[in-house]
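Hi everyone, thanks for making time. I'd like to walk you through one structure today, piece by piece, and then you can grill me.

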Amino acid sequence: MPMSHKDLWLKIKRESKGKSPREELRLLEDHLAGWPEYKGPYQELRKKLERRVAELRKVGRVLATHSASDDPFSIRKRGLAEIALVGLPNVGKTSVLDALTGANAEVADYPYTTLTPNVGMFSLGGLEFEIVDLPPFPEGGLEEVHYADGLKEACLNATFLCIVVDLTADSEFQLDTLRGQLAEMGADKATVLIGTHVDTVGPAELAALRELGGGAPVFGLPLREREKRALAEVFCGIIGRIIVDARDPVSKDDPVAYAVPEGASVLDLAGQIHKDLARRARKARVWGASASFDGQRVGLDHILSSGDTVEILTK
Ligand SMILES: Nc1nc2c(ncn2[C@@H]2O[C@H](COP(=O)(O)OP(=O)(O)O)[C@@H](O)[C@H]2O)c(=O)[nH]1
Ligand SMILES: [Mg+2]
């Protein structure tokens with residue numbers, strides 16, 4: 001009787017434990033060489049192992065070359081800010097990346113799946129953030145992993161950090177461990193906390209994380225659309241921007257979100273939407289906190305507030 005795919009997977013996981021990337025690579029290659037010909041779940045598992053092998057080979061190359069252009073931890077900045085997702089193994093970092101970016105990165109119930117960063121863009125209307133899903137911080141200290149330098153580089157380069165906490169495990173331990181190791185690498189920058197598995201544990205655990213967070217903004221996974229917007233507002237706040245919605249006064253299509261600098265005027269917003277619009281704009285109508293009443297007509301020098309909806313008029 002051949003081993004079931006589940007038992008086979010458990011066996012591989014057991015054997016991989018504590019192995020260096022090089023040893024693990026050899027182990028998986030050996031397994032794949034003698035892989036059963038069966039279809040269905042065996043093929044799924046084979047694909048999973050093959051992805052893992054590809055990832056391990058990449059790590060091998062990085063360790064071998066050290067060339068800056070090959071360094072997967074040296075990430076080109078795009079968008080308004082670069083946000084690094086940090087956390088212990090298997091807490092849900094890649095799931096957060098997926099939730100924000102729709103990137104179909106490998107999400108596996110298998111610690112250390114992501115050995116090099118996964119990058120995606122979190123877009124909301126006219127604004128974009130770059131999200132970097134990093135390999136895990138080890139529980140016992142950075143010296144335990146061979147990619148410690150890469151982690152440090154990525155954390156120091158990031159505009160700010162999101163600590164991802166698995167709410168089904170000990171939140172306080174995770175937070176203390178992460179904060180300790182981040183402080184050690186000198187990455188004492190703004191952080192947002194994201195608690196995962198709210199669907200399993202319920203909102204009380206998220207509230208408990210808020211208590212532990214000491215004032216840091218806290219969000220939960222799964223994220224609803226409204227919460228994505230709130231998260232984008234928090235991200236903008238950290239970099240000194242506010243989100244306003246611009247609506248075409250003619251089509252009245254759904255408004256599009258833009259991140260403008262705090263203190264920006266209607267003219268600044270127009271310029272951000274299109275150079276040509278800044279030239280043609282004459283006045284605007286505004287709904288929201290900066291308006292004295294809904295739909296107030298304002299001049300181009302009117303200062304916008306977070307959450308305003310603006311129609312820019314060209315005559
Ligand atoms: N039900 C539920 N499962 C989650 C949530 N976040 C992560 N998971 C699962 O937890 C496991 C580990 O998640 P993953 O994103 O790979 O963790 P990573 O190792 O930190 O990147 C996967 O099986 C995910 O599907 C969540 O909010 N709810
Ligand atoms: Mg991952």
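**Strands, salt bridges and a patch of charge**

Let me start right in the middle of things: Lys-283 stands opposite Leu-313, which sits in strand 11. Before I say where that pairing fits, a word of caution: this is a predicted model, so please listen with that in mind.

Okay, the overall picture. The protein has 315 residues, and 45% of them are buried. Its C-alpha trace spans about 80 × 40 × 40 Å along the principal axes. You'll find eleven helices in there, and eleven strands as well.

Back to Lys-283, then. Lys-283 belongs to strand 9, which covers residues 283–287. Which way do the side chains of strand 9 point? They alternate: Ala-284 and Val-286 point to one face and are buried, while Lys-283, Arg-285 and Trp-287 point to the other face and are not buried.

Strand 9 has two partners I want to show you. With strand 11, residues 309–313, strand 9 pairs in the antiparallel sense, over five bridges. With strand 10, residues 296–298, strand 9 also pairs in the antiparallel sense, here over three bridges. Keep an eye on Arg-285, please. In strand 10 the bridge partner of Arg-285 is Arg-297, and in strand 11 the bridge partner of Arg-285 is Glu-311.

Now for strand 11 itself. How many of its residues are buried? Five of its five, so the strand is mostly covered. Thr-309, Glu-311 and Leu-313 point one way, Val-310 and Ile-312 point the other way, and all of them are buried. If you're following along on the screen, compare that with strand 9, where the buried residues Ala-284 and Val-286 point to one face.

Strand 11 also pairs with strand 7. Those two run parallel and are joined by two bridges. One contact to look for is Ala-246, which stands opposite Val-310 of strand 11.

That brings me to the charged pairs. How many salt bridges does a search of the whole structure find? Twelve. I'll take you through some of them.

Let's stay with strand 7 for a moment. Asp-245 forms a salt bridge with Arg-229, and the closest N and O atoms are 3.0 Å apart. This pair links distant parts of the chain: Asp-245 is in strand 7, residues 241–246, and Arg-229 is in helix 9, residues 225–238, with their positions 16 residues apart. Is Asp-245 buried or exposed? Asp-245 counts as buried because its relative accessible area is 11%, and the cut-off for buried is under 20%. There's a third player too: Arg-229, Glu-233 and Asp-245 are linked in a network of salt bridges.

Next, two pairs that each sit within one helix. In the first, the side chains of Arg-46 and Glu-50 meet in a salt bridge, 2.9 Å from N to O. Both residues lie in helix 3, residues 41–65, four residues apart, and that's about one turn of the helix. Arg-46 is partly exposed, at a relative accessible area of 27%, and Glu-50 counts as partly exposed too, at 36%.

The second pair is Arg-280 and Asp-276, a salt bridge with its closest N and O atoms 3.2 Å apart. Both are in helix 11, residues 275–280, and again the spacing is four residues, about one turn of the helix. Arg-280 is partly exposed with a relative accessible area of 36%, and Asp-276 counts as partly exposed at 28%.

Here's a quick stop at helix 2, residues 21–33, where Glu-29 lies. Glu-29 is partly exposed, with 30% relative accessible area. The C-alpha atoms of Glu-29 and Val-53 are separated by 7.3 Å, and these two residues are 24 residues apart along the chain.

Last topic: charge on the surface. Which residues gather in a patch of negative charge there? Glu-139, Glu-143, Glu-144 and Glu-184. Take Glu-139 as the example. Glu-139 lies in the loop between strand 3, residues 127–133, and helix 5, residues 148–157. Why does Glu-139 count as exposed? Because its relative accessibility is 52%, and exposed means over 50%.

That's my tour. Over to you for questions.

Note on methods: Residues are numbered from 1 along each chain as its sequence is written. Chains are lettered from A and ligands numbered from 1 in the order in which they are written. This is a predicted model: local features need pLDDT of at least 70, side-chain atom pairs count only at pLDDT 80 or more; totals for chains, interfaces and linings use all residues. Side-chain values use heavy atoms; hydrogens and water are left out. Patches are made of residues with over 30% relative accessible area and no salt bridge: like charges are joined within 9 Å, nonpolar side chains (Val, Leu, Ile, Met, Phe, Trp, Tyr) within 5 Å. Accessible areas come from the Shrake-Rupley method with a 1.4 Å probe; for residues, only the protein chains shown count as cover. A salt bridge is a side-chain nitrogen of Lys or Arg within 4 Å of a carboxyl oxygen of Asp or Glu. Lys and Arg count as positive and Asp and Glu as negative; His and the chain ends are not counted. The place of a charge is taken as NZ of Lys, CZ of Arg, CG of Asp or CD of Glu. Buried means under 20% relative accessible area, exposed over 50%, partly exposed in between (1.4 Å probe, protein chains only). Two strands pair if DSSP finds at least two bridges between them.
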